[in-house]
Amino acid sequence: MAFDYVVIGAGSAGCAVAARLSEAGDATVGLIEAGGRDSNPWIHIPVGYFKTMHNPSVDWMYMTEPDPGLNGRRLQWPRGKVLGGSSALNGLLYVRGQVEDYDGWRQAGNTGWGWDDVLPYFRRSERQERGESAYHGGSGPLAVSNMRLSRRICDEWVDAAQAAGYAYNEDYNGETQEGVGYFQLTAANGLRCSSATAYLKPARKRPNLDIITKAHVKRIVFDENRRATGVELLRNGRTEIVEARREVILCAGALGSPQILMLSGIGPGEHLTDMGIDVLRDAPDVGTNLQDHLQARLVYKCARPTMNNEVRSLFGKMKIAAEFALKRSGPMTMAASLAVGFIKTRPELATPDIQFHIQPWSADSPGEGVHPFSAFTVSVCQLRPESAGHLLLDPENPLGAPKIHPNYLATPLDCATAVAGVKVAQRIAGYEPLKSAITEEFRPDPSVQGDEALLQWVRDTATTIYHPTGTCRMGQDERAVVDERLRVRGVQGLRVADCSIMPRIVSGNTNAPAIMIGEKLSDMVREDAKAGSVALAGAA
Ligand SMILES: Cc1cc2nc3c(=O)[nH]c(=O)nc-3n(C[C@H](O)[C@H](O)[C@H](O)COP(=O)(O)OP(=O)(O)OC[C@H]3O[C@@H](n4cnc5c(N)ncnc54)[C@H](O)[C@@H]3O)c2cc1C
């Protein structure tokens, strides 16, 4: 098999890349995905993430190594292994981050990545239910809509937050992110719009696009000039080579992309040598700069029924199913959270440093059964952690799950922000109308008092909000893995486009930014092809 472009990974970014590169019809594209087709119906029903997460038929089921910042706990890190990648399993929340995130990338020397540069790609990808505007696209492939579900307890949180002094924001993806309000979703007509639904569905009949599923890429193949000429993959128990006539584009995500680079000889030289892998390029930063958002989940018991009660009765379940079947609304259209807040923990900050996710239900951990009592969850996460971890190949099984070291809560600022975030949550809970709705502080319980105790509670209970990024970071220094045109340094014909290229994690959820990265990459590839240049990092 041979294609002009071989795209590895049909996730948030990879679907956008493959669809855009095949759209003009002047190039052939092979999109290679380790997972299968997105035929599991729970993928398309929004609340289905409770069924797909931790399901090995569509989830890579990664586990982190024991983390000192979490008192030695290991976390489950779900990642989509199916057409659509993690956008097929995620919580559907549509968030772009802050203007300053992207301006920061540009100020670090990454020309073309400032807010003004990336906004057109967010708009191009988007089909916003509220219509087209200066901030939103109206006719793109990715459907973005308002909630089809409301619950009183979430409205009460939004009201209490306003009473506590935080302004209401109708559109956190608009002029400013700051404030409290309701999430926008990647959904249309009450169904999930994954990157596969958005980009592959309309493109899959194109004669110049081949979507190859259940094909696990083992490594990228290079010629004697260090030019990527194809990929080696495992399919149906057989090793095959797929040739790339122009370029290989790696979109395997923040865990898959650095792993494939290392397996191809691009990574920390000593580690590769230890693993018995020939070093093509000693690139010490591959797999480093691993950043994630860590969420502390406060649970409050309340007087009135919440969704915990609705889903625990047979009648409740039948009502929910009927509402979805008849009206495509109700709890089955629920994203991971209903209400949102972007808030500053200190007035001197230029932009919010914490994000709230408010859920009208509670559980010991997301993806597990709900509590047998009426309660709701206030999740709080630091938006721009300083802490960064790394990943390495597993010496026992280099092709299997990498060894993931997240290194959460490793700096004083991250610890202070985690505690400050919990305290803001507790302050809001003291305002009406929320105050009267709460009967008991369940997590943390009232005996947890003082900053040190709160920090220990966070270390003991916090979990991922599923946003690993940064492991093939873009930058201008020699150690940066890719340059501003996402070309891998030290080799030719190879680019990376997914969450791994983020120099710093964005201040928000990471699906929309991954799709934007895929959209932007496709333009850069086409521009360079027109100019006749090969993908060579640092080339003019
Ligand atoms: C449970 C969960 C909830 C989330 N909730 C939200 C949310 O509500 N909002 C939000 O914005 N973000 C959310 N996220 C995060 C967001 O979905 C991801 O950051 C984003 O999808 C990542 O996009 P990506 O293109 O970098 O990687 P992915 O979408 O993960 O795509 C990588 C693809 O590469 C494939 N691949 C990997 N290795 C190989 C290999 N060796 N061979 C072939 N194929 C390979 C994978 O199977 C996958 O399809 C959530 C994530 C999860 C897991």
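What share of the 540 residues in the protein is buried? Buried residues make up 55% of them. The points below concern a predicted model.

1. Overall form. The C-alpha trace of the protein spans about 70 × 50 × 45 Å along its principal axes. For 540 residues, a compact globule would have a radius of gyration near 24 Å; the protein has 23 Å, so its value agrees with that expectation.

2. Secondary structure and contacts. The protein contains 15 helices and 24 strands. Among contacts with a separation of 6 or more, 69% are between residues 24 or more positions apart. A student may therefore wish to keep the following rule in mind when reading that percentage: two residues are in contact if their C-beta atoms, placed from the backbone, lie within 7 Å.

3. Surroundings of the ligand. There are 44 residues around the ligand, and those that come nearest are Gly-9, Gly-11, Gly-85, Gly-91 and Gly-256. Two or more residues of this shell are given by each of helix H1 (12–23), strand E11 (215–222), helix H8 (253–263) and helix H15 (511–531). H8 supplies the largest share, namely four residues.

4. Character of the shell. Which kinds of residue make up the shell around the ligand, and how many are there of each? The shell holds 22 nonpolar, 18 polar and four charged residues. Glycine counts as polar in this division.

5. Helix H1. This helix, one of the elements that contribute to the shell around the ligand, has 12 residues. At 1.5 Å a residue, H1 should span 16 Å; its end C-alpha atoms are 17 Å apart, so the two values agree. The expected figure is 1.5 Å times one less than the number of residues, because that is how the span of a helix is defined here.

6. Burial of H1. The helix is mostly covered, with 11 of its 12 residues buried. Among the buried residues are Ser-12, Ala-13, Gly-14 and Cys-15, as well as Arg-20, Leu-21 and Ser-22. Just after H1 comes Gly-25, which takes a positive phi of about 80°.

7. Strand E11 and its partner. E11, which also contributes to the shell around the ligand, runs antiparallel to strand E12 (residues 228–235), and seven bridges join the two strands. One of the residues involved is Phe-222, whose bridge partner in E12 is Ala-228.

8. The turn between the strands. E11 and E12 form a hairpin, with five residues between them. In this turn, Arg-226 has a positive phi of about 60°.

Terms used. Residues numbered from 1 in each chain as written. Predicted model: local features only at pLDDT ≥ 70, side-chain atom pairs only at ≥ 80, totals over all residues. Near = placed C-beta within 6 Å. Buried ≥ 20, exposed ≤ 12 C-beta atoms within 10 Å, placed from the backbone. Pairing = 2+ DSSP bridges. Rg over C-alpha atoms; globule rule 2.2 N^0.38 Å.
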